[in-house]
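I opened my notebook to record what I looked up, one topic at a time. My first topic is the loops.

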Amino acid sequence: IGVIVPWNSPTFLTIMSCAPALAAGNTVVLKPSEVTSASAFELVRLAEEAGIPPGTINVVTGARAAGEALVDTGVAKICFTGSDGAGRAIAARAGARLASCTLELGGKSPNIVFDDAPVDNAVVGLLSGIFAAAGPVSYTHLTLPTKA
C-alpha cells in the first residue's frame, strides 16, 4: 500500500493510514511530506522496535515527483491525505492502472452553530478544529473570553 501524508500531523496521519494496511497483512511504502521526513523515519524505527518486521514499512522521501513515482508503481492501493488538486491527480493516475485509492482531501468542514449555543464557546471550538494541528496556533491561545 502506498501512503502519502502531508506536513500537518504527520505522525497521526501516518498511523491512521498505515494501521489498517498493516492489520490487513500488507506492507507499506510511506511517502511523507518533504518537510517531515524525520518523523517518518522515527516512526518506522519505533514500529520495528515494537516488533514489526524490518521492511514492512518503507519510507521514500522527496517532493511531488516522489509521490508521482509511488502512485505510478505497482502498489495495489494508494492512501492519500492532502489537497483537492493533488487528490484529483492521484485518482486519475491510479485509475489509469486500475489501482484502488482512498483520498482524504483538504478544505474546511462546514459547521452548524445552533441559535441556543454559546457563541463564544462555538468560536473557540471552531478555531481549535481548524487550526490546532496546523502549528501556528497553540492551545493556550484558544481560551474562552472572560466576561467583565
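**Entry 1: loops.** I started with Ser9, which lies in the loop between E1 and H1. The model is a predicted one, and I kept that in mind throughout. Ser9 is not a glycine, yet its phi is positive, about 55 degrees. Is Ser9 buried, exposed or partly exposed? Its relative accessibility is 25%, so Ser9 counts as partly exposed.

I then looked up Leu98. It is found in the loop between H4 and strand E5, residues 100-105. Its phi is near 60 degrees, again a positive value in a residue other than glycine. Leu98 has 79% relative accessibility and counts as exposed.

**Entry 2: Ser17.** I moved on to Ser17, which sits in helix H1. Ser17 has a relative accessible area of 14%, so it counts as buried. Which residues does Ser17 touch, leaving aside neighbours within four places in sequence? I found Val3, Cys79 and Thr81 in contact with Ser17.

**Entry 3: cysteines.** How many disulfides are there? I counted 0 disulfides. Cys79 is in none, and the nearest cysteine sulfur, that of Cys18, is 8.2 Å away. A disulfide needs the two sulfur atoms within 2.5 Å, so this pair does not count. Cys101 is in no disulfide either; its nearest cysteine sulfur belongs to Cys79, 8.8 Å away.

I also noted the accessibility of both. Cys79 is buried, with a relative accessible area of 12%. Cys101 is partly exposed, at 28%.

**Entry 4: nonpolar cores.** In soluble globular proteins, nonpolar side chains tend to be buried together. I looked for such groups here. The largest nonpolar core has 13 residues. Which of them touch the most other members? They are Ile1, Val3, Val5, Val28, Leu30 and Ile57. The elements giving two or more residues to this core are helix H1 (10-23), strand E2 (28-31) and helix H2 (37-49).

I picked Val28 for a closer check. Setting aside residues up to four places away in sequence, Val28 touches Ile1, Val3, Cys18, Ala21, Leu22, Thr56, Ile57 and Asn58. Apart from the largest core lies another, of 9 residues. Its members include Ile4, Leu70, Ile78 and Ala99.

**Entry 5: the two sides of H3.** Helix H3 covers residues 64-72. Which of its residues are buried? I noted Ala66, Gly67, Leu70 and Val71. They cover an arc of only 135 degrees around the axis, so they lie on the same side of H3. The face turned away from that buried side carries the exposed residues Arg64 and Ala65.

Next I asked what covers the buried residues of H3. The cover includes strand E1 (2-4), E2, strand E4 (77-82) and helix H4 (84-96).

**Entry 6: H3 beside H4.** Since H4 is part of that cover, I looked up how the two helices lie. Their axes come within 9 Å and cross at roughly 30 degrees. Angles under 35 degrees count as roughly parallel, and H3 and H4 are therefore roughly parallel to each other. Where do they meet? Glu68, Val71 and Asp72 in H3 meet Ile90, Arg93 and Ala94 in H4. Val71 appears twice in my notes: it is one of the buried residues of H3, and it takes part in the meeting with H4.

Methods:
Residues numbered from 1 in each chain as written. Predicted model: local features only at pLDDT ≥ 70, side-chain atom pairs only at ≥ 80, totals over all residues. Heavy atoms only, no water. Buried < 20%, exposed > 50% of the residue type's maximum accessible area, 1.4 Å probe, protein only. Core = buried A, V, L, I, M, F, W, Y, C linked by side-chain atoms within 4.5 Å. Helix = DSSP H or I, 4+ residues; strand = E, 2+ residues; numbered from the N terminus. Contact = heavy atoms within 4.5 Å. Arc of directions from axis to C-beta. Axes fitted to C-alpha atoms, helices over the stretch in contact; angles between N-to-C directions. Parallel < 35°, antiparallel > 145°, perpendicular 65-115°, else oblique.
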